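Reader: I have a model in front of me and some labels to check. Take me through the reasoning behind them, please.

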Amino acid sequence: MTEAKLIDGKAAAATLQRRVGDGVAGLIGRGGPTPGLATVLVGADPASQVYVRSKARLAAELGMASFDFRLDEAIAEAELLAVIDELNGDERVHGILVQLPLPAHIDTTQILMAIDPAKDVDGFHPFNVGRLGTVAPRAPLDFPVPCTPLGVSMLLQDTLGKLAGCNAVVIGRSNLVGRPVAQLLLRADCTVTIAHSRTRDLAALGRTADILVVAIGRPELVRGDWIKPGATVIDVGINRVPAADGKTRLVGDVAFDEAVKVAGHVTPVPGGVGPMTVACLMFNTLQEARRASGLKFSAAD
Ligand code: NAD
């Protein structure tokens, strides 16, 4: 039996980052602005601090300006809205990232809706969600798209080339991952089914998929016999589980050791989708800076 080929998200992310770094230099070289990313963190959650720090560091490495806002856990919603308003009006800033989750006393929807859609590099503003939901097949994505789904679609394009006509099953219907992944696959001419916790016979549905994208947050729920032989499996899940040595380890939503014996291509966890997410955030920030510049760019840039 031949084993599935691994989809190397680290290598794909490194390539995308190089492209973004070149794009930043090219934009500045043509007299455009230095792309600027503002990160807004409310509170001191250690995991969120790590994420925000790594995003700001990568932005700087790629030649972008990075503006780091650390706000007190107890900040009033009105004060946070005032920070967003200031960033909306700051022409050095092309992307605004508000790290989620926000404290319970803040209405996340109000905050996301306050971000200028043209600086919404997470793609969570309802205006951009609506654009993704109405984009014509194969039409350009000239607005920001959520980073993890964008990373998933880039990995699929790299792996398979054309996706037209493929049966795609997306397990998970969150606004963060499942739904936007499904929209992107529909735009790429796949026949898309979205499955979720109430779907009957997930295993049988999974076996119909040429492309199986799993984003549920349940360690190794998807077994080898849910997968059609030769299918392309993208595992978005990141779950920390106890390891034999008393420590912990990361696993995906797919039982990798089983999937690798059935699938044609599969993403590992870690090292699959994860690295693409932050690279896509940088890509989105560059794209918004390009659009703000008024200069023309080709799809190959
Ligand atoms: P979520 O909790 O918001 O949504 C989970 C979805 O899975 C829901 O739509 C639910 O209906 C479905 N679901 C739950 N249990 C199910 C079951 N037993 N069978 C079928 N469907 C089921 O989660 P999310 O934000 O979409 O994240 C999903 C996973 O992806 C998590 O493990 C998360 O850590 C990971 N994630 C990874 C990245 C990355 O960069 N790699 C980014 C975002 C999320």
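Author: Start with the overall build. This is a predicted model. The protein has 10 helices and 11 strands.

Reader: What makes the protein as compact as a globular protein of that length?

Author: Set the radius of gyration against the globule rule. The radius of gyration is 19 Å, and the rule gives 19 Å for 301 residues. The two values are close, so the protein is as compact as a globular protein of that length. The C-alpha trace spans about 55 × 45 × 35 Å along the principal axes.

Reader: How many of the 301 residues count as buried?

Author: The share is 49% of the 301 residues. To count, a residue needs a relative accessible area under 20%. The accessible surface of the protein comes to about 14300 Å². Carbon and sulfur atoms hold 54% of that surface.

Reader: What share of the contacts comes from residues 24 or more positions apart?

Author: Such pairs account for 70% of the contacts with a separation of 6 or more.

Reader: Why is R138 called exposed?

Author: The cut-off for exposed is over 50%. R138 has a relative accessible area of 60%, so R138 is exposed. R138 lies in the loop between α5 (126–134) and α6 (147–160).

Reader: Why is E220 called partly exposed?

Author: Partly exposed falls between the two cut-offs, 20% and 50%. E220 has a relative accessible area of 27%, so E220 is partly exposed. E220 sits in the loop between β7 (211–214) and β8 (232–235).

Reader: What is notable about phi in R138 and in E220?

Author: Most residues other than glycine have a negative phi. R138 is not a glycine, yet its phi is positive, about 65°. E220 is not a glycine either, and its phi is positive too, near 55°.

Reader: Which kind of peptide bond, cis or trans, joins L100 and P101?

Author: That bond is cis, with omega about 5°. Most peptide bonds are trans. P101 is placed in the loop between β4 (95–98) and α4 (108–114).

Reader: And from V269 to P270, is the peptide bond cis or trans?

Author: The bond from V269 to P270 is cis, with omega near 0°. P270 belongs to the loop between β11 (265–266) and α10 (274–293).

Reader: Last, charge. How far apart do the centres of the positive and negative side chains lie?

Author: The two centres lie 6 Å apart. The sets hold 30 positive and 32 negative side chains.

Notes
Residues are numbered from 1 along each chain as its sequence is written. This is a predicted model: local features need pLDDT of at least 70, side-chain atom pairs count only at pLDDT 80 or more; totals for chains, interfaces and linings use all residues. Side-chain values use heavy atoms; hydrogens and water are left out. Helices (H or I, at least four residues) and strands (E, at least two) are DSSP runs, numbered from the N terminus. Buried means under 20% relative accessible area, exposed over 50%, partly exposed in between (1.4 Å probe, protein chains only). The radius of gyration is taken over C-alpha atoms; the globule rule is 2.2 Å times the number of residues to the power 0.38. Contact means heavy atoms within 4.5 Å. Accessible areas come from the Shrake-Rupley method with a 1.4 Å probe; for residues, only the protein chains shown count as cover. Lys and Arg count as positive and Asp and Glu as negative; His and the chain ends are not counted. The place of a charge is taken as NZ of Lys, CZ of Arg, CG of Asp or CD of Glu.
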